[in-house]
Every structure is written in structure tokens, then in C-alpha cells.
Amino acid sequence: MKRWLWLAVLLGAAACAEDSTQQQPENTAPQEAAAIVSTPQGALAGRLSVKVTDELAERIEEAQQAVTRSGGVPTRSGVADMDLVLESIGTERFVRIFPYEARFEQRHREFGLHRWYTIRFDSDEELTAAAELLSRVEGIETVQYRHRIRSTRKGPMVPAGNRPAVPATRAAMPANDPRLPEQWHYNNTGNILADYGMLKFQSKAGCDVNLFDAWNLCTGSPEIVVAVLDEPVQATHPDLAANMWVNPHAGEDAEFGNDVHGYNFCNNKAEFNWQGNYYDEEYGAWMYADHGTHVAGTIAAVNGNGIDVCGIAGGANGEGGVKIMSCQILDSDGDATNDSDVAAARAFVYAADRGALIAQCSWGYGTGMQTEAQWIGNDRGAEKEAVDYFIKHAGEDDPAAPLSGGLVIFAAGNDGDVVGDQMMWPGAYSPTVAVASMAPDFTPAYYTDYGSWVDITAPGGDYLYGDEGMVLSTILEDPQMQFQDGRTAAVGYMQGTSMACPHVSGVAALGLAYASKLGKRYTLAEFKSLLLSSVHDIDSYMRGTKPFIDVEGELAMLNLTDYRRKMGAGYTDAYLLLLNIQGTPGIYVQCGKETEIPLERYFGGSTGLTLKADAPTAAKNKVGMETLTTRNGKLVVKCTKPGVATVNLTTLIGQTAVSHEIALIVREQTAANGGWL
């Protein structure tokens, strides 16, 4: 008989012996086994988590006090029948997932976080058998398999530092960072061209997040904190250091040590680990922990400091950007042992308690957790509860915060070319925002996941358009490391929904910074609605086919019609979000087409003969405005260049002059409804 079967019999006998001392009611039903959630497919060996009842949690806490007070690491629960199982599977560690913190303990207990424990045991033990044994222990409600999480980048980083900076294609850039002209994802001029003989890939002007116009209204605010749950962000990076979050309570919470800029949840220490590396046989390249630093740079690389690149909400003139809290949940050495969803769960709670309003998550489970049923079965899991905790409690301790609740933003994943329309987790969890990726010409990036569960699209890069068609951002710059990938500066190209996701996080952070500047405060539902409606149509580009190289190295075709209504509401626009926060209407106008815009929503029926429209000459030139007039109470415009122009409308209501300002956003394509929000 297998050992675990023998122990199951022993547990049953112990329960009977205990019950024999007490008179039981005749109709007492036997205790049901605990729910075993998630899937053993691809689960980490020697790792399980359990959620216990309040009563059992209290008994465990009392029993473990002596061990923790002496500085030891608990390996047992102090409860006899549970310890039989822990002993049998060779438990090396049995501790709370969400540690005791005096400042937040009451809130944690009200949410039930104190009832979660993680178990590390002999990796040679049969995992499903161990889960079955634990499910039979009285007082255990849930047993959960643990899974590895992976970043959602596609392929290796390509160093950009050994190339000269691309000269600016506009008369002047809005910041003095020398590589800003290469960040097409902020301001696309359509000058990227990759030529493969018969195949040519050309970027399209306006395929970007419309950032330069947004910067005229806001560039960021240090009051807004974005938690980057990822590989570590290099806090000493010269283009990030000024925008790193500094913990005002660093060193006060014993569990987290001197956590100045965040915490390393992989290795359970305050010091980040970005020095690891490994050789990836699949890509034939050395892999370093650049991912978190690259993601952070898109959100908040310091603007106007004369160094390399800019961040979406990176401030101006070297200061004033949003702050990056680094929550390391991915290690840098290729070892999956520490890259588990337990680290992610702890990071969500840590970030919510310390003031982050946005959780930036360019990671997921990949195709291992394939079905919705598997996630729903996991909806009692620790990481989902931690996500829910962030959504509910982030920003709670700051009454001046512009957002009540926390915004969780996930990359959709990079398997679309392989698995097609399939849900990916946790991005498909509906309370979060799932981000798909587009190439520099409004088409889906060849790899992006897609489906009706996707919320929004952003630039994520596509190597088919050359290195320059990927996303340029910050990478590691550490003199103590011997890089073998040819980098000569701290900038590099990456592609993936990993790169699309921080564009949405950066735009959201910029929006919250602007809301704070205007003294506005939103519920999570209100702000999420603003974010997802501040977009441009992308479905009109979903026609025909797009060539790419498949996993076998063969030329293949994407059927773009498969992506219709499956890339979210549209592609994000930073300027439009800020306009919506400001209360200025933003109206889409199709490039090269005369458009009539009804104005009743601004003036009611008072749009008669006195209605006039005007715009500054610079604004007219910017969008190639050939027509600006009024006709039958409507605004009539024709613009020939993508861009943004502000128009002032005036009329008389009785004897009172009334004016309204609107923003015309000129794009190659517009939604069927004309872009009205």
C-alpha cells in the first residue's frame, strides 16, 4: 500500500478515535473533503497552498508563535492531524502566504488573507497524492496547486545602443531625450520600412498612443504610484532612478526588511536580483533580467533629462513623473522554482497596502491553463483573492487619491498565432484589463492573443517591421555585469503584449495624474470606463491577410478578419483620455474626408445663423485643415493630415454669447459611429 494511502487510513482512524469520546448526533454527516483547485497539469513540484478555517488559523498561529519569535521558519502547523500529513510529505516550510503586518492586519483578516498558508515539501512526493491527503484534514477548506508564471515578451531583447540615435523627423521634439524620435509607439510618422524582397512592411502615421498632444496637458505626477509586478526594475538606472517610488515606511515592517523601492518576492528579501542570466537555446541568445526595467521605462523613464528615452508619464525637465514600485515576482536565472503565483499574490497585497493605484502585469500562465473552467475552478485561489484585494483596497489610505480602488492591467499573451482565439489567464479575468498588441500599421502583432475577453489594444511591436518596429525602452545598465549580447548602452528593443501592457498602464497613470491636477476623483468603474472608451477604431483594419513566420520557420498567413471585435474597444489614445477627464469633447474625423458634425449636444437648438467656428493657424496647419465652416447648425471640416486640432465654437443664446471648445482628432480610419463617446 502506498504511504499516502496508509496515512489516509490513519487519519480516518484518528478521527474515529477522537469522535468516540464524544456522543455524536445520529444524523451528523461526515465532513466533506476540501476543494482542490487549479490543475495539476504543469504545476510546480513540492509546492501547494491551503486555505484553512478561522478556527484552524487561530490554532496554527498560537502553535507557531514560539518558532517565529525565535526567528525560525515554521515547518509544522502545531495541529496533530495536519502535522501527520506535513511530516509524511517532507515539509520544509509551512508559513502564511500573506505575513502578519500590524498596520494592515485587521484589513487582511477581514478579507480572509490570514487563512492562506503555503507549503514547500519534498519535490519527489507525488503532487496529486499530497493534495488529496491535505484535502482530508479537518479545517482545510481549499487546496491549491501552484503554477509557474512567465513574462509575456516574445523573443529576446535586441540592444539598440550600438546604433546611432535616429534624427528627429519633426522640427522639434517635446523633450531632449535623444532616442525619443525612435519611439514610434508614442508618435508614429510612418517612416519605418522593412524590405524582404517580395515582402515589405511599412508603418503608418498615427499608429501610436497620441502622446505628444497629451503632454501639452499633463506629463505625470509623483503622487501616482504604479506597481510593476515583473522582473526587478533596476532602481539605480540613470533613466529611471528619479522616478522610483521611495517607501516612507522602509524598514518598519519586519517581514519586508529595508524595502526602499519595493520587494523581491521571489527570494523573500528587500534586495532585488537582476544579475542572473541564462542561455536560451530556443532563441539562441543570452537572456538577462531586462524585462521589468523595459516595462518600467515605457511607463516612467525620466523625461527631459537628456538621457536615451522617454516614459509615457515620466514628467518633464527631469522631474515630476509617476513613481514606479518594483515588485519582483520573476527571477532572472531561468529557474522556475521561485517564479510562482504565490509571489504574485503577495505582491498584489503589498502594493495595495503601500499606495499603488495601478498594478502593471506583463505576465501570465501561458497555454498550460487552457480553459475557462480551470480558472473558475481556481476562483477560490490565493492569487485571485489577492487581485480582488488590490482592486478593492488600493488607494484606500489616501483620501486625496484620484482613484477609489485599484486598476489591474494584464498583458493578453503571445500565443495567438499558435492557439488562435483562446482565453489566457489571468488577463481574461473580467475585473482586470486585458491588453492586446498591434504592429506599427494598425494590424495585430503576429503573436498577440485575441478574443472577446480582450479589453483594449496598444502598440506592442512586431519584429517583421525590423528591430525599429519593436518597442524601444530602458534595459539593464550595471557595470558589475558582463553582458554577452552586444549592448553598449541602456536601451533595447522588445516585442510582445508585455510591451503593449505598459502603454495602457502608462496612459492610465497619465490620466490619473491629470485627474489629480484637476482635483477630480473617480470610482474604479468610472475610470475604467473612461480608459476603455478613450480609444480609436481598429476593426476597420481587420481585412485581408498578413504574412508572418510561424513556429516551424515557414511563411504563413494571418487571416485578419479573425481578429474583428476581438482586439477590445480599440487602440488607446492618451490625449483622448485626458480630454475626457478634462471634459472637453474629442471628436474623430477621418483623414481626407469632409465631415459634418452635429452640435446639438453642446448648444441644444441654438445653432442657427450666429454659429461660428475658428481654430488657430498652427492647429489648422498641423492637421492640413482645408475646410472649417458651419452649415445648417453643423460643423463642417476636412483635414488631410493625422493629428489633433482644437476648434472654438461660438453662438448666441438670446443675447448671451456662448462658446465651447472641442478637439478634432484626425485619423486614417474612424469608427462607424463617427467616434462619438
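1. A residue counts as buried when its relative accessible area is under 20%. Keep that cut-off in mind for strand 18, residues 407-411, where five of its five residues are buried. The model discussed here is a predicted one.

2. Stay with strand 18 and look at its side chains. Leu-407, Ile-409 and Ala-411 point one way, while Val-408 and Phe-410 point the other way. All of these are buried. Such a pattern fits a general rule: in a regular strand the side chains alternate between the two faces of the sheet.

3. Which strands pair with strand 18? Strand 15 (residues 358-361) does so in the parallel sense, over four bridges. In this pairing Ala-359 stands opposite Val-408. Strand 19 (433-438) also runs parallel to strand 18, joined to it by three bridges. There, Ile-409 faces Val-433 of strand 19.

4. Now the whole chain. The protein has 677 residues, and 58% of them count as buried. It holds 16 helices and 34 strands. Take the contacts between residues at least 6 apart in sequence: 74% of them join residues at least 24 apart.

5. Strand 5 (residues 140-147) is another mostly covered strand, with seven of its eight residues buried. Strand 1 (residues 35-37) runs parallel to strand 5, and three bridges join the two. Strand 2 (residues 43-52) runs antiparallel to strand 5, with six bridges between them. Gln-144 is a good residue to find here. Val-37 has Gln-144 as its bridge partner, and Ser-49 stands opposite Gln-144 as well.

6. Next, a sheet of three strands. It is open, its order is 7-22-21, and the pairing is antiparallel. Why is one side of strand 7 (158-159) and of strand 21 (471-474) left without a neighbour in the sheet? Both strands stand at the edges, and each has a single partner strand, so one side of each has no neighbour there. Strand 21 is joined to strand 22 (residues 491-494) by four bridges. Val-471 stands opposite Met-494 of strand 22. Helix 7 (residues 291-300) packs on this sheet and touches strand 21 and strand 22. The direction of helix 7 makes about 105° with that of strand 21.

7. Thr-152 deserves a close look. This residue sits in the loop between strand 6 (150-151) and strand 7. Is Thr-152 buried or exposed? Its relative accessibility is 8%, so Thr-152 counts as buried. The side chain of Thr-152 makes a polar contact with the side chain of Ser-498, at 2.7 Å. Leaving aside neighbours within four places in sequence, Thr-152 is in contact with several residues, among them His-291, Trp-363, Ala-411, Asn-414 and Thr-497. The list also includes Ser-362, Gly-364, Gly-413 and Gly-496.

8. Two helices form a clear pair to inspect. Two packed helices are described by the angle between their axes and the distance between the axes. For helix 8 (residues 341-353) and helix 10 (residues 382-393), the axes come within 8 Å and cross at roughly 15°. Angles under 35 degrees count as roughly parallel, and helix 8 and helix 10 are therefore roughly parallel to each other. Their crossing is left-handed. On the helix 8 side, the contact is made by Asp-341, Ala-345, Phe-348, Val-349, Ala-351, Ala-352 and Asp-353. On the helix 10 side, Ala-382, Glu-383, Ala-386, Val-387, Tyr-389, Phe-390 and His-393 take part.

9. Check the backbone at three places. Most residues other than glycine have a negative phi, and most peptide bonds are trans. A cis peptide bond joins Trp-425 and Pro-426, with omega about 5°. Pro-426 is in the loop between helix 11 (416-419) and strand 19.

10. The other two places are asparagines. Asn-268 has a positive phi of about 55°, although it is not a glycine. Its loop lies between strand 11 (262-264) and strand 12 (277-280). At 35% relative accessibility, Asn-268 counts as partly exposed. Asn-317 also has a positive phi of about 55°. Asn-317 belongs to the loop between helix 7 and strand 14 (323-328). With a relative accessible area of 69%, Asn-317 is exposed.

Technical notes: Residues numbered from 1 in each chain as written. Predicted model: local features only at pLDDT ≥ 70, side-chain atom pairs only at ≥ 80, totals over all residues. Heavy atoms only, no water. Pairing = 2+ DSSP bridges. Contact = heavy atoms within 4.5 Å. Axes fitted to C-alpha atoms, helices over the stretch in contact; angles between N-to-C directions. Buried < 20%, exposed > 50% of the residue type's maximum accessible area, 1.4 Å probe, protein only. Polar contact = N/O pair within 3.5 Å; in protein donor to acceptor, adjacent residues only side chain to side chain. Parallel < 35°, antiparallel > 145°, perpendicular 65-115°, else oblique. Left-handed = near helix turned anticlockwise from the far one by under 90°.
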